[in-house]
Structures are given as structure tokens and as C-alpha cells.
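Biologist: Before we begin, I would like to go through this model with you slowly, asking at each step how a name or a label is earned. Could you show me the chain?

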Amino acid sequence: MGYRQKRRSHRLGNMGAVVALVLMATVIPAQAQQEPIRPLAAVAHLDPAEIMLGRALFHDALLSRDGSLSCASCHPLDRGGSDNMVVSIGIGGAKGSVNAPTVFNAAHNIAQFWDGRTVTLEQQVDGPLQNPVEMGSDWPETIARLRRSDYAPRFRALYGADPSPELVRRALAGFERSLVATGSRFDRWLGGEATALGADEKKGYALFKSYGCASCHQGANVGGNLFQKLGFFGNWFKDRGGPVTAADLGRFNVTGRDSDRHVFKVPSLRLAVLTPPYFHDGSVSSLDEAIRIMGRYQLGRDIPDADIALIVKFLGTLPPDTLPGGS
């Protein structure tokens, strides 16, 4: 079952291809052109001043209703852009309904959130800010706080206008577009640096392709560019146990189509070794177990432990030594 095998997928038209063409500003060597995974490229033409403002907002609890949470509370940049919790804790100790995905490389995603309910990073901002179990705020009170704060002159200097929802979205999205984790050992290997990967890591990559993992986890983000049903071979939700929640319905909540029931955006594996637990519900604590489950329910294969260990070694080559986003 090779990575070129056609699989039933749920795409947002050709938008992913357009985004990929815009983002991939580097020249891809001949070797890499034959691979299902592409090197990550930084997003070009970002405004450094906008990135600085967006970074400040991202880390500021002023955006939450009670001043207790920032974007970074659930997406800490020093921990892979995810809080490593089953579900995140919002204001007043409220629990979220899904596992927080990493914010890194989100610019390469076909859409945002597990169910893909927004396409752009700007649109995504409204979700956590206004969700009562996350930041619990609303735009009128958020903008009022910003206009009373030291942010007001910063917005006027950068944009020539007072803080507004549109400008807050713009600043945060600009910062998030800068969070592309380039320079991994795997990308150096794709670029022709033969010694960037060890023998076991190369074996793991070969297994990743031969089992069919790269049917869904491909492209620059090793995923994030299509939607798939969770459970091609068997009913994972039944075997998982517990009630089926609204969050388990996935993209069905967006489209209302029965064919989108239990369909989710395929997650990027670029930082998977850094961001347990796994799946939309955070129910799988180890990467080894996540691979085992994916093999069984998505590929119809029982992957031996030794092969899983090699695939994990390959996945360990996908993050760079240093993540972006520091001050």
C-alpha cells in the first residue's frame, strides 16, 4: 500500500494547492521532488513590526475576559506550541472539548481547527477569544481594554488606527505566519545532505511510506492539507469506549453532511514527537500507540513494534533544533 495510492479525501477545493505554491519559495532538489514530503519554507514578505505586535498580543492575558489566559497558555511556544494536555483548561477552570493542536506551521494548513471550520488564521482568532470555555471574551470588551492600554499607540503607529477586531486578527495572524519551523534534519536530507539522517531514521521513513502513512501525511507539513474519516477499517469510536461527543462528529458539525461524520483535518506530524497526547480528543498518550492505532484503523495493517520504533525515529527528525517565535 504505497503513498501514491488514491484515498477518499475531503478537500476544500484547490485552496491548499494555491497556498502551497505561495509558501514554497525555495527551489526543491531533484531528490526531494520524488518524495511525498516537501521541505518547509518560511512565509515571505511578513512585516517585522506586525510580528512584534502579534507576539505581544499572543502572550498577553489581556485578551481573555478575566485576564487569566493568553493564547500562549494553550499554545506555549517552548513546548512545541501545544500544552500537552488532553484538553486545555479555559477561564474559571472550564475544560475544552478537543485537544489543542500546535500553533507552529499553521500557515501551511488547509484550514484551522480539527473540523476545519475556518480557513484563514485571521478567521481562527475569533474562535478561542469568544469561546466561553476558552478565553471567554467578546470583541467589544476586548477592544475597549486594548484602547485603554499601552497597545493603543502601538496600533496607531503601525496601522494608523486604533485597535479594532480586524487589526487584532491581522497582528495575531501575522505573528502566527512567522511560526514556521524550518531547518529540520529531515529537510536538510531532502536538500541533499545525505548524512543528516541516520540509518534507522532512513529505515523509519521508508516504512512510513511503504505502510501508506504518507497517503495522508505528506506535503510540506506532513499532513494538514486534507480531511479524512477516522476509522476506515473498523469503528475506532466504538472500540475507544465512552459516549460519542459532539466533538467526535468532526467536520459534520460544519457541513451537516453525513459523509463528513467523524471526518477531521489530518494533523501535521512535523512536531508530533513534541506534542502528546494525540488525536482530536487527546485520548492516546504515546506516539507509539497512535501509530499502532492509525495502522489498524486507517491502513488495515498491524504494524510490528520494531517498525513502529523506527517510524518514531524518523518522526524525530522532523522538528528543527530550535523553534521560531522567541523574543
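Biologist: Why is the pairing of the side chains of Arg169 and Asp126 called a salt bridge?

Modeller: In this predicted model, a nitrogen of Arg169 and an oxygen of Asp126 are 2.6 Å apart, and because the rule asks for a side-chain nitrogen of Lys or Arg within 4 Å of a carboxyl oxygen of Asp or Glu, the pair qualifies. Side chains of opposite charge can pair when their charged atoms come close.

Biologist: What makes this pair a link between distant parts of the chain?

Modeller: Arg169 belongs to helix H8, residues 165–177, while Asp126 belongs to helix H5, residues 121–130, and the two residues are 43 residues apart. In the whole structure there are 18 salt bridges.

Biologist: How do you know which parts of the protein chain are domain 1 and domain 2?

Modeller: The domain assignment gives 48–178 as domain 1 and 185–316 as domain 2, and the centres of domain 1 and domain 2, taken over C-alpha atoms, are separated by 27 Å.

Biologist: What makes you say that domain 1 and domain 2 are in contact?

Modeller: Contact asks for heavy atoms within 4.5 Å, and 22 residues of domain 1 are in contact with 23 residues of domain 2. The area buried between domain 1 and domain 2 is about 1800 Å², with 59% of that area given by carbon and sulfur atoms. Of the area that domain 1 buries against domain 2, Ile110, Trp114 and Asp115 supply 35%, which is more than any other three residues.

Biologist: How many salt bridges and how many residue pairs in polar contact are there between domain 1 and domain 2?

Modeller: The rule finds 0 salt bridges across the interface of domain 1 and domain 2, whereas the count of residue pairs in polar contact is 10. On the side of domain 1 that touches domain 2, the residues divide into 8 nonpolar, 11 polar and 3 charged.

Biologist: Which residues does UniProt list for "binding site", and how do you know that they cluster in space?

Modeller: The unreviewed UniProt entry lists Cys213, Cys216, His217 and Met294; these are spread over 82 residues of sequence, yet the largest C-alpha distance is 11.4 Å. One of them, Cys213, lies in the loop between helix H10 (199–210) and strand E1 (227–229).

Biologist: Why is the peptide bond that joins Pro276 and Pro277 worth a remark, and what is its omega?

Modeller: The bond between Pro276 and Pro277 is cis, with an omega of about -5 degrees, and Pro277 is found in the loop between strand E2 (263–265) and helix H13 (287–298). Most residues other than glycine have a negative phi, and most peptide bonds are trans, which is why a cis bond is worth a remark.

Biologist: What is the phi of His45, and where is this residue placed?

Modeller: His45 has a positive phi of about 65 degrees although it is not a glycine, and its place is in the loop between helix H2 (30–33) and helix H3 (48–58).

Methods
Residues are numbered from 1 along each chain as its sequence is written. This is a predicted model: local features need pLDDT of at least 70, side-chain atom pairs count only at pLDDT 80 or more; totals for chains, interfaces and linings use all residues. Side-chain values use heavy atoms; hydrogens and water are left out. Domain bounds come from an automatic or database domain assignment. Buried area is the accessible area (1.4 Å probe) that two parts lose on being put together, summed over both. A polar contact is a pair of N or O atoms within 3.5 Å; within protein, one must be able to donate a hydrogen and the other to accept it, and residues adjacent in sequence count only if both atoms are side-chain atoms. Ala, Val, Leu, Ile, Met, Phe, Trp, Tyr, Cys and Pro count as nonpolar, Asp, Glu, Lys and Arg as charged, and the others, Gly among them, as polar. UniProt positions are given in the numbering used here, feature names are shortened, and annotations may be inferred rather than shown by experiment. Helices (H or I, at least four residues) and strands (E, at least two) are DSSP runs, numbered from the N terminus.
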